[in-house]
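Student: I've got a model open and I'd like to talk it through with you. Can we start with the sequence and the picture?

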Amino acid sequence: MTALIIIAAIILLLVIICNIPVEAYIKFYGGKADIRVRYFFLSLYPRKEKKKKRKNKRDKTDTPTEYRELPAEDTPPENKNEPPADKDKQESRSQNTPKKDSFSKKSSSQKEEKPPLLERINTKLDELGKKKNQISLLIELVLPHLKKFGSKLRIDDIIIDFAAADEDAAKAAISYGELGAAVYNGIAFLRRYVSMSVRSVNISCLYNTPAEKSRYDGECKLRLRPASLINAVLAVCFGYMTNTKKYSPVMELIRKG
């Protein structure tokens, strides 16, 4: 009976731990990112650097060291009057070296002939079709569980401060319109799958300023329970195990990737 109580207490503790949300604070200002991750009262990232303890090294002054200079070796002078090497020996060595046959080069080039163009095109098309099938199966396996996982994720306190800059006024206006369309369409798309709250969105246009002074600042807070991630992973694994024959190409794609 006591063993069952201990097991139940451990399971209850794991459930409580997995349901405590992990909070991530992401800030990006001036081209520098600041990310902080907290779990309950623990700081997961960034971790505090541990101070290394300095060990007191004793100076070994009691044992003096003696350095002795080794005498320089006498190198015998080169005899300038030595006769040169025999030319007959050099000629005999050059004659004995084997020469590569031109026929071997031709045979190797014939062996390395590429297949015809139509065969190469057909093989490439077959590879692309196989990859397309594998990607479609991967999307079919992951997408439903990914949508459920997105509904468990929460993004709060979104602040967006963008500025499109260019010396040419027309280019600045075009980039300003593209930037605004991308931001608002992205927020509308994410709201379909993720619960989120926006604090402020500011998109401005800077005329007669260099493009390097464009601004992409912002911050947000993410909240997610570890149990949601564990459930999504287990659901994907269970879906694969129930129909391994159908989703076997997905594993080939993951191994190659």
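Tutor: Sure. One definition before we start: contact means heavy atoms within 4.5 Å. Keep in mind that this is a predicted model.

Student: Okay, so which elements do the buried residues of α4 pack against?

Tutor: Start with the buried set in α4, which is Q134, L137, L141, F149 and G150. Buried here means under 20% relative accessible area. The partners that these residues pack against are β6 (215–224), α6 (226–242) and α7 (244–256).

Student: How far does α4 reach from its first C-alpha to its last?

Tutor: The helix runs over residues 117–152, so 36 residues in total, and the expected span is 1.5 Å times one less than that number. That expectation comes to 52 Å, and the model sits close to it. From end to end, α4 reaches 51 Å.

Student: Where in α4 does the kink lie?

Tutor: Look for the proline in that helix, P144. The kink comes shortly before P144 and amounts to about 35°. The residue where it lies is V142.

Student: Let's zoom in on Q134. Is Q134 buried or exposed?

Tutor: Q134 has its place in helix α4. Its relative accessibility is 3%, and the cut-off for buried is under 20%. That makes Q134 buried.

Student: And which residues does Q134 touch, leaving out those up to four places away in sequence?

Tutor: We already have α7 among the elements that the buried residues of α4 pack against, and α7 covers 244–256. For Q134 itself, the residues touched are P249, V250, E252 and L253.

Student: What about S248: how many Å apart are S248 and Q134, C-alpha to C-alpha?

Tutor: S248 lies in helix α7, and S248 is partly exposed, with a relative accessible area of 31%. In sequence, S248 and Q134 are 114 residues apart. In space, their C-alpha atoms are 8.9 Å apart.

Student: Now the charged pairs. Which residue forms a salt bridge with K246?

Tutor: The closest N and O atoms of this pair are 2.7 Å apart, inside the 4 Å cut-off. K246 lies in helix α7 and its partner in helix α4, so the pair ties together parts that are 106 residues apart in sequence. K246 is partly exposed at 35%, and the partner is partly exposed too, at 39%. That partner is E140.

Student: Which residue forms a salt bridge with R199?

Tutor: R199 is in strand β5 (residues 195–207) and its partner is in strand β4 (residues 154–166), so the bridge ties together parts 42 residues apart in sequence. R199 is exposed at 54%, while the partner is partly exposed at 31%. With the closest N and O atoms 3.6 Å apart, the partner is D157.

Student: How many salt bridges does the count come to?

Tutor: The two pairs we just went through are K246 with E140 and R199 with D157. Another one is R36 with D34, where the closest N and O atoms are 3.8 Å apart. D34 is partly exposed at 32%. The count comes to six.

Student: Last one: how many disulfides does a search of the whole structure find?

Tutor: A disulfide is a covalent bond between the sulfur atoms of two cysteines. Here, C18 is partly exposed at 22% relative accessible area, and C237 is partly exposed at 38%. The cut-off for a pair of cysteine sulfur atoms is 2.5 Å, and the number of disulfides found is zero.

Key:
Residues numbered from 1 in each chain as written. Predicted model: local features only at pLDDT ≥ 70, side-chain atom pairs only at ≥ 80, totals over all residues. Heavy atoms only, no water. Buried < 20%, exposed > 50% of the residue type's maximum accessible area, 1.4 Å probe, protein only. Helix = DSSP H or I, 4+ residues; strand = E, 2+ residues; numbered from the N terminus. Bend = angle between axes of the 7 residues up to and from the residue. Salt bridge = Lys/Arg side-chain N within 4 Å of Asp/Glu carboxyl O.
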